[in-house]
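Here is a friendly walk through one protein chain, for a reader who likes to keep the model open while reading. Take a look at the structure first, and then follow along.

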Amino acid sequence: MDKRYLDNPFADYQDGQEIEYDEEHVKNLICTYVDAILETTQPSNENEDHRGDLYVGNSGIAYMFWRLSRSEKTNDLYPALDHAQTYIRSAKANANRYKKRPSERYAFLCGNAGIYAVSAVISKDLNKTEDFESDLANFRDGIAPAREFVFTKHGCDEVLVGRAGYLSGCYWLNDVLTPKPISDDELISICEITITSGREYSKQNKAPLPLMYQYHGTEYLGAAHGLCGILHMLIESPGYTRESCRPPRLDLLDIKKSIDYFLSLQDVEGNFPVALEDLKTGREKRLVHWCHGAPGAVYLLARAYLVYREDKYLTAVRLAADLVWNKGFLRKGPGICHGVAGNGYVFLLLYRLTKEPKYLYRAVKFMDLLTNSDFKDRARIPDRPHSLYEGVAGTVCYLIDLLEPSKAHFPFMDIFHQK
């Protein structure tokens with residue numbers, strides 16, 4: 001069986017080496033992907049997108065166009081806000097079908113909350129005040145159910161459909177909207193119930209760390225489905241970062257102990273198990289994806305470094321980045337969830353964190369791979385090839401960030417936003 005990744009065809013950075021990449025080449029690559037999206041997707045066709053969500057639906061494409069409109073490097077390439085409005089309108093039409101479901105109201109990447117959050121920022125930029133207020137109200141409808149203690153067999157805390165994802169949307173809206181639409185008290189109350197959920201599950205299942213969670217019966221550890229994505233959103237809380245919240249209402253010690261337990265699971269290559277159960281079964285499968293493995297864990301560990309200023313977290317992030325450089329040219333495609341662009345984001349994160357040029361060099365080389373003939377011949381086509389997380393809409397976001405690396409951030413996971 002072929003490996004999950006291609007061998008890295010590039011030499012690594014040498015000290016003093018000049019980093020060169022052509023902005024026009026990057027913009028041309030962006031246009032290639034965006035033109036394919038416009039030619040292939042039909043936002044007005046209900047059969048094209050049954051759900052509309054950020055992960056694989058039209059709201060994810062709308063987010064990509066919004067990102068294009070916000071960048072000084074790309075805002076003249078397309079009438080991006082007009083396209084964003086077209087795609088988000090389709091997504092909202094689908095969202096209306098699910099509005100009565102309480103769980104849908106706070107599901108962010110795979111639910112209504114993400115659709116309305118993106119629609120709110122688009123409406124704001126288009127000066128559509130009535131639409132903006134309606135979109136924001138619909139997003140805020142997720143606050144009440146997110147505060148309820150729900151302990152289900154499916155899980156309700158992780159990033160895709162749970163409270164951690166909703167928190168990521170709250171933090172993002174507070175970053176891009178003025179005044180901030182979600183209060184510190186509201187954020188902390190959601191974090192509190194998330195901690196309660198993790199503590200109760202850990203006690204009931206005798207987990208080896210204070211906070212643990214499950215998703216569809218599996219104790220996942222990754223950024224999309226599991227522990228590190230949840231812990232990351234907890235340490236983004238204003239309980240960690242705002243003087244006004246002292247003494248803190250969150251049980252910070254349980255969070256820190258859980259982060260350190262997760263860190264202890266990093267192997268010598270820099271990777272992590274997919275699930276806690278792997279420690280019992282001896283399962284050797286280690287994935288190098290944002291959703292499972294080191295490329296998603298770096299956001300928790302980098303944020304932990306900024307919060308605690310302990311060198312062990314930065315050491316772990318560097319080790320993870322070396323793993324991605326060696327085994328991160330994924331054959332699964334160009335996307336950000338489990339593809340080349342998502343792994344390239346690791347180096348943009350490290351570049352912002354350390355200002356070391358080797359990480360920008362590596363990020364450029366991951367861009368170069370997208371046009372590599374071996375990659376084109378052997379990469380798989382995702383199920384939703386034009387979407388934000390599986391397809392090229394996410395790749396476009398990566399390329400936008402490559403043009404402005406000092407501002408780069410993986411969608412909805414900007415660790416630098418709270419100082």
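Let us begin with one serine. Ser-71 sits in the loop between helix 2 (58–70) and helix 3 (80–95). Please keep in mind throughout that this is a predicted model. The relative accessible area of Ser-71 is 3%, so this residue counts as buried, the limit being under 20%. Which side chain makes a polar contact with the side chain of Ser-71? The partner is Glu-404, and the contact is 2.8 Å long. Leaving out residues up to four places away in sequence, Ser-71 touches Ile-400 and Glu-404.

Thr-74 belongs to the loop between helix 2 and helix 3 as well. With a relative accessibility of 1%, Thr-74 is buried. When neighbours within four places in sequence are set aside, Thr-74 is in contact with Ile-30, Arg-67, Leu-68, Ile-400 and Leu-403. Ile-400 therefore appears in the contacts of Ser-71 and in those of Thr-74, where contact means heavy atoms within 4.5 Å.

**The chain as a whole**

The chain has 19 helices and zero strands. For 419 residues, a compact globule would be expected to have a radius of gyration near 22 Å, and the 20 Å of this chain agrees with that. Along the principal axes, the C-alpha atoms fill a box of roughly 55 × 50 × 45 Å. Of the 419 residues, 61% count as buried. Among contacts with a separation of 6 or more, 71% are between residues 24 or more positions apart.

**Two pockets**

Now for the open spaces. Rolling a probe the size of a water molecule over the atoms shows where empty space is left. The largest pocket holds about 450 Å³ of space. Its lining is made up of 17 residues, and those closest to the centre are Arg-67, Arg-70, Val-176, Lys-407 and His-409. Helix 2, helix 8 (163–176) and helix 19 (392–403) are the elements that give two or more residues to this lining. Which element gives the largest share of the lining of the largest pocket? That is helix 2, with four residues. Sorted by class, the lining of the largest pocket has nine charged, five nonpolar and three polar residues.

The second largest pocket has a volume of about 310 Å³. It is lined by 14 residues, of which Tyr-33, Pro-334, Phe-375, Ala-379 and Val-392 are the closest to its centre. The elements with two or more residues in this lining are helix 1 (23–40) and helix 18 (373–378). By class, the lining of the second largest pocket divides into ten nonpolar, two polar and two charged residues.

**Buried and exposed residues in other places**

Arg-303 is part of helix 14 (residues 294–308). Is this arginine, Arg-303, buried or exposed? Its relative accessibility is 2%, so Arg-303 counts as buried. Arg-303 and Arg-163 are 140 residues apart along the chain, and their C-alpha atoms are separated by 19 Å.

Lys-280 is placed in helix 13 (residues 278–281). Lys-280 and Glu-310 are 30 residues apart in sequence, and from C-alpha to C-alpha they are 30 Å apart.

The table brings together three residues that count as exposed.

| Residue | Place | Relative accessibility |
|---|---|---|
| Lys-280 | helix 13 | 74% |
| Asn-127 | loop between helix 5 (112–125) and helix 6 (129–140) | 67% |
| Lys-206 | loop between helix 9 and helix 10 (227–235) | 73% |

**Backbone points to check**

Most residues other than glycine have a negative phi, and most peptide bonds are trans. Asn-127 is not a glycine, yet its phi is positive, at about 60°. Lys-206, also a residue other than glycine, has a positive phi near 50°. Where is the cis peptide bond that involves Pro-179? It runs from Thr-178 to Pro-179, with omega near -5°. Pro-179 itself is found in the loop between helix 8 and helix 9 (184–204).

Terms used. Residues are numbered from 1 along each chain as its sequence is written. This is a predicted model: local features need pLDDT of at least 70, side-chain atom pairs count only at pLDDT 80 or more; totals for chains, interfaces and linings use all residues. Side-chain values use heavy atoms; hydrogens and water are left out. Buried means under 20% relative accessible area, exposed over 50%, partly exposed in between (1.4 Å probe, protein chains only). A polar contact is a pair of N or O atoms within 3.5 Å; within protein, one must be able to donate a hydrogen and the other to accept it, and residues adjacent in sequence count only if both atoms are side-chain atoms. On a 1 Å grid over the protein atoms alone, a cavity is a set of points where a 1.4 Å probe fits but cannot get out, and a pocket is an open set with protein on both sides within 12 Å along at least five of seven lines; lining residues have an atom within 4 Å of a point. Grid points are joined across faces, edges and corners, and a volume is the space filled by probe spheres set on the points. Ala, Val, Leu, Ile, Met, Phe, Trp, Tyr, Cys and Pro count as nonpolar, Asp, Glu, Lys and Arg as charged, and the others, Gly among them, as polar. The radius of gyration is taken over C-alpha atoms; the globule rule is 2.2 Å times the number of residues to the power 0.38.
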